[in-house]
Amino acid sequence: MILRHIKYFLAVAEYQSFTQAAASLYVSQPALSQQIKQLEEGLCATLFDRSGRRVTLTDAGDVYARYAHRALQDLEEGRRAIHDVQDLSRGALRIAITPTFTTYLLGPLIKAFHTRYPSLTLSVQEMSQEQMEKQILDDEFDVGIAFENVQSADIDTQILLIETLALVVSKHHPLAKQMAIDLPTLNAQSLVLLSREFATREQIEHYCRQHDIAPNVLMEANSLSAVIEMVRHTQLTTLLPSNIAHNYDELVAITLAPSLLQRTAVLLQRKGAYQSAATNAFVALAHEVCSNTVESNALFFK
């Protein structure tokens, strides 16, 4: 059995078609079929049910697919380990991040990382936490930055910082000069919020249920920049991390009292994943940057 057999097998399992799998692999269909036949003979098991319109996995094939996928992950990690240079003179890192952190945390973190390790290449993608967890488990990212309510038991987390959300208003809003507001005042607000695909929206709604309040949500958007623009140009308010408001002269962050709306930001990694030198360096630097930021009160208040 050789690596080609495994790749061919997984392609057929994915496309449920020898024709489509062969096209994706740039091989002829007869050649692909022959390789799968050799694999089945070597395993003494039928891996595919070919009787229907679509090719489907047999019970044996379903079991084998899980191990084949894991084997390819391990081999890819081995390839990266061979090319991992411990002195960090070269290397690559794949990072996923949820949208709210992109606005205020990503810039300082990447600046510090690039200054210290200028030869390392970075790939950064913004996405929802649900998508991030799936792709981390599929070994498509080395590190994620999201929230502590991780769904998968196969993902390890490290606490990065405690983030405080505040009522964010335009500097021309009647409440703009307030240092803090109470829950009845929050309940009377007309809000623009991120849509429900964002973890932030779920956390806000949980906070409101917990305190038995129901502010009027007049608008929602699936973009953080859109929410910010709506607040800048209207009398609507929003609930966002206070540190985001600090980056805009036109916005003011007002503390919620007496009960703060807080959440814990964490680093996500797949359990048992290979830890490259670049990954270890990034994780250490992330803790360092966030620790320094907290001490200087530059990113969030308590």
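Student: Where in the chain is Cys-44?

Tutor: Cys-44 sits in the loop between α3 (29–43) and β1. Helices are DSSP runs of H or I with at least four residues, strands are runs of E with at least two, and both are numbered from the N terminus. Before we go on, this is a predicted model: local features need pLDDT of at least 70, side-chain atom pairs count only at pLDDT 80 or more, and totals for chains, interfaces and linings use all residues. Residues are numbered from 1 along each chain as its sequence is written, and side-chain values use heavy atoms, with hydrogens and water left out.

Student: Why does Cys-44 count as exposed?

Tutor: Buried means under 20% relative accessible area, exposed means over 50%, and partly exposed is in between (1.4 Å probe, protein chains only). Cys-44 has 72% relative accessibility, so it counts as exposed. Its backbone is worth a look too: phi is positive, about 55°, although Cys-44 is not a glycine.

Student: What is the phi of Asp-139, and where does the residue lie relative to α7?

Tutor: Asp-139 comes just after α7 and takes a positive phi of about 65°, although it is not a glycine either. Its place is the loop between α7 (129–137) and β5 (143–147).

Student: Is Asp-139 buried or exposed, and how do you know?

Tutor: Its relative accessibility is 8%, so Asp-139 counts as buried. Contact means heavy atoms within 4.5 Å, and by that test Asp-139 touches Gln-73, Glu-76, Glu-77, Arg-80, Arg-94 and Arg-270, not counting residues up to four places away in sequence.

Student: Which elements do the buried residues of α7 pack against?

Tutor: They pack against β3 (92–97), β5, β6 (155–170) and β12 (261–270). The buried residues in question are Gln-129, Met-132, Glu-133, Gln-135 and Ile-136.

Student: What makes Ala-112 partly exposed?

Tutor: Ala-112 has a relative accessible area of 23%, so it falls in the in-between class. This residue is found in helix α6 (residues 106–116), and it touches Leu-285 and Val-289, again leaving out residues up to four places away.

Student: How do you know that the buried residues of α10 line one face of the helix?

Tutor: In α10 (residues 224–233), Leu-224, Val-227, Ile-228 and Val-231 are buried. Seen down the axis, they fall within an arc of 100°, so they line one face. The arc is taken from the directions from the helix axis to the C-beta atoms. An α-helix has 3.6 residues a turn, so residues three or four places apart point the same way.

Student: Why is the pair of Phe-9 and Phe-48 called tilted?

Tutor: Rings of Phe, Tyr and Trp (its six-membered ring) pair if their centres lie within 6.5 Å; planes under 30 degrees apart are stacked, over 60 edge-to-face, and the rest tilted. Phe-9 and Phe-48 have 5.3 Å centre to centre and 50° between the planes, hence tilted. Phe-9 is in helix α1 (residues 3–15) and Phe-48 in strand β1 (residues 48–49), 39 residues apart.

Student: What makes the pair of Phe-18 and Phe-48 edge-to-face?

Tutor: Here the planes are 70° apart and the centres 6.1 Å apart, which fits the edge-to-face class. Phe-18 lies in helix α2 (residues 18–25) and Phe-48 in strand β1, so the pair ties together parts 30 residues apart in sequence. Both Phe-18 and Phe-48 are buried. Ring pairs link Phe-9, Phe-18, Phe-48 and Tyr-64 into a cluster.

Student: How do you know that the largest nonpolar core lies between domain 2 and domain 3?

Tutor: A nonpolar core is a set of buried Ala, Val, Leu, Ile, Met, Phe, Trp, Tyr and Cys residues joined through side-chain atoms within 4.5 Å. The largest one has 42 residues, and Phe-282 is among those touching the most other members. Helix α12 (residues 277–296) gives the largest share, nine residues. Domain 2 (92–161 + 264–301) and domain 3 (162–263) both give residues to this core, so it lies between them. Those bounds come from an automatic or database domain assignment.

Student: How many residues does each domain bring to the contact between domain 2 and domain 3?

Tutor: The C-alpha centres of the two domains lie 25 Å apart, and the contact takes 15 residues from domain 2 and 20 residues from domain 3.
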